[in-house]
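What follows is a short report for a reader who meets this structure for the first time. Please look over the sequence and the model before reading on.

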Amino acid sequence: MQTIDQAMQDKVLAVARAGMTSAEAIGFFRVSLGLYYLAGLMTEETLDFKEIDARYNRFIYHSLGGGHSIASVLQFMSGEKVLRVLQSPRFRAAFAEHCPDIPVDSISFLISLNLGVAKSLSGLDAVGPVVDWIEQEKARTSQ
């Protein structure tokens with residue numbers, strides 16, 4: 001898994017600074033960091049989630065303060081509020097500019113991966129606006 005090094009932290013913070021309000025900046029931060037986390041799952045290596053989550057949580061705490069964690073980031077990314085970020089042209093442009101190591105066209109796949117993990121943990125099928133957005137993105141990118 002990609003380590004949460006200073007370069008990655010700088011990229012996530014640069015995307016967050018593209019937000020026009022504090023709420024938007026926090027949303028941009030959550031989604032860009034969550035995308036790095038999810039992209040890091042795409043490996044053959046054995047992952048030590050306790051260590052990985054601790055490093056992410058430390059960065060989140062130093063950036064946003066208490067009350068936030070990688071678990072809350074991933075939860076945010078599976079709920080309807082994430083669509084405000086995903087559908088924001090400003091977020092997409094900032095993410096493409098500052099985080100070229102994660103292609104913008106892979107975002108829907110990574111969001112789908114997150115929903116799949118949530119489904120396996122909860123046992124509930126993923127339905128709703130986020131799933132609809134994923135399907136729209138798949139249709140858009142396959143054209």
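## A residue in helix α7

Leu110 lies in helix α7, in what is a predicted model. Because its relative accessibility is 4%, under the cut-off of 20%, Leu110 counts as buried. When neighbours within four places in sequence are left aside, Leu110 is in contact with Leu35, Leu38, Ala39 and Ile102. One of these partners, Leu35, stands 75 residues away from Leu110 along the chain, while the C-alpha atoms of the two are separated by 6.6 Å. Some care is called for here, since helix α7, residues 107-122, is where confidence in the chain is lowest, at a mean pLDDT of 80, whereas α6 has the highest value, at 98. For the chain, the mean pLDDT is 90, and 91% of the residues reach 70 or more.

## The chain as a whole

The secondary structure of the chain consists of eight helices and zero strands, so that the order of elements from the N terminus reads α-α-α-α-α-α-α-α. The radius of gyration is 14 Å, close to the 15 Å that the globule rule gives for 143 residues, and the chain is therefore as compact as a globular protein of that length. Measured out along its principal axes, the C-alpha trace spans about 35 × 35 × 30 Å.

Of the 143 residues, 39% count as buried. Among contacts in the chain with a separation of 6 or more, 68% come from residues 24 or more positions apart. The accessible surface amounts to about 7,900 Å², and carbon and sulfur atoms account for 54% of that area. As for charge, the chain carries 13 positive and 16 negative side chains, and the centres of these two sets lie 6 Å apart.

## Other residues along the chain

Ile4 is found in the segment before α1, and Ile4 is buried because its relative accessible area is 9%, which is under 20%. Beyond its neighbours within four places in sequence, Ile4 is in contact with Gln9, Leu33, Arg55, Tyr56 and Phe59.

Met20 belongs to the loop between α1, residues 6-16, and α2, residues 22-40. Its relative accessible area is 62%, over the cut-off of 50%, and Met20 is therefore exposed.

Asp48 has its place in the loop between α2 and α3, the latter covering residues 49-64. With a relative accessibility of 42%, Asp48 counts as partly exposed, because that value falls between 20% and 50%.

Is Arg92, a residue of helix α6, buried or exposed? Arg92 is found in helix α6, which comprises residues 89-98, and at 19% relative accessibility Arg92 counts as buried, because the cut-off is 20%. Not counting residues up to four places away in sequence, Arg92 touches Leu86, Val104, Trp133, Glu137 and Arg140.

## Separation in sequence and in space

The table sets out pairs of residues with their separation along the chain and the distance between their C-alpha atoms.

| Pair | Apart in sequence | C-alpha to C-alpha |
|---|---|---|
| Leu110 and Leu35 | 75 residues | 6.6 Å |
| Met20 and Arg90 | 70 residues | 9.2 Å |
| Asp48 and Phe76 | 28 residues | 23 Å |
| Ile4 and Val85 | 81 residues | 22 Å |

Read together, the rows place Met20 at 9.2 Å from Arg90 across 70 residues of sequence, while Asp48 and Phe76, 28 residues apart, stand at 23 Å.

Conventions. Residues are numbered from 1 along each chain as its sequence is written. Side-chain values use heavy atoms; hydrogens and water are left out. Helices (H or I, at least four residues) and strands (E, at least two) are DSSP runs, numbered from the N terminus. The radius of gyration is taken over C-alpha atoms; the globule rule is 2.2 Å times the number of residues to the power 0.38. Buried means under 20% relative accessible area, exposed over 50%, partly exposed in between (1.4 Å probe, protein chains only). Contact means heavy atoms within 4.5 Å. Accessible areas come from the Shrake-Rupley method with a 1.4 Å probe; for residues, only the protein chains shown count as cover. Lys and Arg count as positive and Asp and Glu as negative; His and the chain ends are not counted. The place of a charge is taken as NZ of Lys, CZ of Arg, CG of Asp or CD of Glu. pLDDT is the predictor's confidence in each residue, from 0 to 100.
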